[in-house]
Amino acid sequence: DLVSFTGSASTARLLKSHGNVVNGGIRFTAETDSLNAAILGPDATPGTPEFDAFVKSLVTEMTVKAGQKCTSIRRALVPHAVIDDVVAATKSRIEQRVVIGDPRAEGVTMGALASLEQLAAVRATVLAMVNAGGELAYGSLDAPAVTRGDGSVGVVESGAFMAPLLLTWADPEAPEVHSLEAFGPVSSVIGYDDVADAIRLAALGSGSLVATVATNDVVVARELVTGI
């Protein structure tokens, strides 16, 4: 009677054009290709609980299921003045808490991507983002050292492992940061001028399945929540 779909726009178009939808009267709804945003309020400066919660959420969403979920944060919108602080805090938390490898091994917290094809697709998307003006602020596209099932550590060239990547953008208006989704442990930190600018930038992602707002200012919270 009804098909509800979330995922890529290309798959949605394929399903929407199915004969049973076009001619058979089956209802079809889709939510596709939006890039979720997390917004750090102007009051949430380094050292505040809100700043810490923002970084914790960003790292969690980047690394759970190796970032392969529709609700992962792809765009971290922060005041220009704290971009470096957010990058540094995110880097520190990843290095303290993220261990890549075989999930059966002791201490591993993040496994591989779904397939080698998925790994290639994520790398290609990241390269396209870099070519469009993104800068790798943390991480590398090289195969990472991982913990194997026997507890040893080394590079597994045949595995679909990928280290978390964080990009920054000199131009927050670059279309690619708001349209390209690397479906893996990848996120971008984007600077904004004021709350109205953050709302405008969030909207460039074509809607969101989810969004995060980190602030202790009720006026800012109301403006952001109603704005997005």
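Is Thr-168 buried or exposed? In this predicted model, Thr-168 counts as buried, because its relative accessibility is 16% and the cut-off for burial is under 20%. Thr-168 belongs to strand 8, which spans residues 165-169. Within the neighbouring strand 9, the residue that stands opposite Thr-168 is Val-189. Val-189 also appears in the list of residues in contact with Thr-168 once neighbours within four places in sequence are left aside. The rest of that list consists of Ile-83, Val-87, Gly-133, Gly-134, Glu-135 and Ala-137.

From this residue it is a short step to the sheet around it. Strand 8 and strand 9 run parallel and are joined by 4 bridges. Both belong to an open sheet of 6 strands, arranged in the order 5-8-9-4-3-10 with mixed pairing. At its edges are strand 5 (134-138) and strand 10 (211-214), each of which pairs on one side only. On average, neighbouring strands of the sheet are turned by 25° against each other, direction ignored. Helix 3 lies across several of these strands, namely strand 3 (37-40), strand 4 (75-79), strand 8, strand 9 and strand 10. Relative to strand 3, helix 3 runs at about 165°.

Helix 3, which covers residues 49-63, leads on to a loop with some backbone detail. The loop between helix 3 and strand 4 holds Lys-65 and likewise Ala-66. Most residues other than glycine have a negative phi. Lys-65, however, is not a glycine and has a positive phi of about 55°. For Ala-66, also not a glycine, phi is positive at about 55°. What is the relative accessibility of Ala-66? The value is 2%, so Ala-66 counts as buried, the cut-off being under 20%. Lys-65 has a relative accessible area of 60% and is therefore exposed, as the cut-off for that class is over 50%.

Helix 3 also takes part in an open feature of the model, the second largest pocket, where it gives the most to the lining, with 3 residues. Helix 4 (83-97) joins helix 3 in supplying at least two residues each to this lining. The volume of the second largest pocket is about 180 Å³. Its lining comprises 13 residues, of which Thr-63, Val-64, Arg-97, Val-98 and Thr-109 are the closest to the centre. By character, the lining of the second largest pocket divides into 6 nonpolar, 4 polar and 3 charged residues.

What of enclosed space? A search of the whole structure for cavities of 30 Å³ or more finds 1. The largest cavity has a volume of about 50 Å³. Strand 9, the partner of strand 8 described above, gives the most to the lining of this cavity, with 3 residues of its run 186-192. Val-186, Ser-187 and Ser-188 are among the lining residues. The lining further includes Leu-35, Arg-74, Arg-75 and Met-129, together with Val-177, Leu-180, Glu-181 and Ala-182. In the lining of the largest cavity, 6 residues are nonpolar, 2 are polar and 3 are charged; Arg-74, Arg-75 and Glu-181 make up the charged group.

Notes: Residues numbered from 1 in each chain as written. Predicted model: local features only at pLDDT ≥ 70, side-chain atom pairs only at ≥ 80, totals over all residues. Heavy atoms only, no water. 1 Å grid on protein atoms, 1.4 Å probe; cavity = no way out; pocket = protein on both sides within 12 Å on 5 of 7 lines; lining within 4 Å. Points joined across faces, edges and corners; volume = space filled by probe spheres on them. Pairing = 2+ DSSP bridges. Axes fitted to C-alpha atoms, helices over the stretch in contact; angles between N-to-C directions. Contact = heavy atoms within 4.5 Å. Buried < 20%, exposed > 50% of the residue type's maximum accessible area, 1.4 Å probe, protein only.
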